Amino acid sequence: MAKKQNDFYVAKAILGVVLLMVTGVGLWYWSLLSEMRQAVDDYRQGDAETALGRYEEVERKIRGVGMLRFIPARDRQNLFLNQARLLYDLGRYEEAAEQLEKENEIAGLTTDGRFFLLRGDISFRKAVSDYQESERKDAKVLEDALRSAEDNLRDSLRLVADDWDAKFNYEFINYVRRMMNQNQDEEKIKILMENVRVKQTQPKALPPDQQS
């Protein structure tokens with residue numbers, strides 16, 4: 001009888017320790033999600049740098065305990081995507097593209113249309129930036145970059161057919177490429193590229209973790 005009571009108390013103690021650990025992990029993870037929500041508020045107040053720093057710190061903490069592969073996929077995708085969007089907003093296009101690739105490294109090729117949309121926008125913006133900064137306006141290099149952007153936007157539409165940002169950007173880039181293929185006046189294309197205003201995701205849409 002005494003042995004059974006001892007076993008009962010031991011099992012109870014173990015259960016208590018497990019519950020404490022689960023509660024601790026839950027509180028820790030909740031604090032990280034709170035940091036991500038605070039980053040959204042920072043961005044909406046116009047402080048993109050602080051918002052980016054918060055996301056980077058959240059990622060550092062999760063990586064530090066080796067949990068990046070085990071948190072909910074949607075939270076992980078939002079973490080990578082929001083950082084990429086902020087880097088894109090700050091004009092750091094190569095870093096933004098590298099941030100998007102982190103999801104592929106963990107889960108394989110993503111099927112989230114938001115990643116393809118932003119990847120297409122990054123490719124386009126980088127193409128425009130490179131074109132504007134180069135002394136020799138190489139139309140072939142520009143067209144190849146535009147084609148890459150167009151491919152990503154097409155993939156985004158394949159996954160989310162009613163995404164109006166993707167539709168707008170896809171049609172615009174397609175229009176620019178048609179102009180180039182039809183040997184339109186180079187000066188017209190140059191003016192178009194230098195004054196381009198591709199539709200971008202609005203600030204209110206930055207936090208995908210708050211979207212359904």
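## Charges over aromatic rings

A charge is taken to sit over a ring if NZ of Lys or CZ of Arg is within 6 Å of the ring centre and within 35 degrees of the ring normal. In this predicted model, the charged end of Arg-119 meets that description over the ring of Phe-116, at 5.4 Å from its centre. A lysine appears in a comparable setting, since Lys-167 lies over the face of Trp-164 with 4.1 Å to the ring centre.

## Overall architecture

The protein is built from eight helices and has zero strands, so that the order of elements from the N terminus on reads α-α-α-α-α-α-α-α. Of its 212 residues, 40% count as buried, and the area that the protein exposes comes to about 12500 Å², of which carbon and sulfur atoms supply 54%.

Among the contacts in the protein with a separation of 6 or more, residues 24 or more positions apart account for 67%.

## Aromatic pairs

A pair of aromatic rings is described by the distance of the centres and the angle of the planes. A search of the whole structure on this basis finds two aromatic pairs. One of them is formed by Tyr-88 and Tyr-93, whose rings are 5.8 Å apart from centre to centre, with 55° between the planes, and are classed as tilted. Both Tyr-88 and Tyr-93 are buried.

The pair of Phe-124 and Phe-172 is edge-to-face, with 6.1 Å from centre to centre and 80° between the planes. This pair links distant parts of the chain, for Phe-124 belongs to helix α5 (residues 113-133) and Phe-172 to helix α7 (residues 164-181), the two residues being 48 residues apart. Phe-124 is buried because its relative accessible area is 1%, where the cut-off for buried is under 20%. Phe-172 also counts as buried, because its relative accessibility of 19% falls under that same 20% limit.

## A nonpolar surface patch

On the surface, Val-65, Met-67 and Phe-70 make a nonpolar patch of about 300 Å². Phe-70, one of these residues, lies in the loop between α2 (48-64) and α3 (73-89). Phe-70 is exposed because its relative accessible area is 61%, and exposed residues are those over 50%.

How values were computed. Residues numbered from 1 in each chain as written. Predicted model: local features only at pLDDT ≥ 70, side-chain atom pairs only at ≥ 80, totals over all residues. Heavy atoms only, no water. Patch = residues over 30% accessible without salt bridge, like charges linked within 9 Å, V, L, I, M, F, W, Y side chains within 5 Å. Areas by Shrake-Rupley, 256 points an atom, 1.4 Å probe, with all protein chains shown as cover. Salt bridge = Lys/Arg side-chain N within 4 Å of Asp/Glu carboxyl O. Helix = DSSP H or I, 4+ residues; strand = E, 2+ residues; numbered from the N terminus. Buried < 20%, exposed > 50% of the residue type's maximum accessible area, 1.4 Å probe, protein only. Phe/Tyr/Trp six-rings, centres within 6.5 Å; stacked < 30°, edge-to-face > 60°. Contact = heavy atoms within 4.5 Å.
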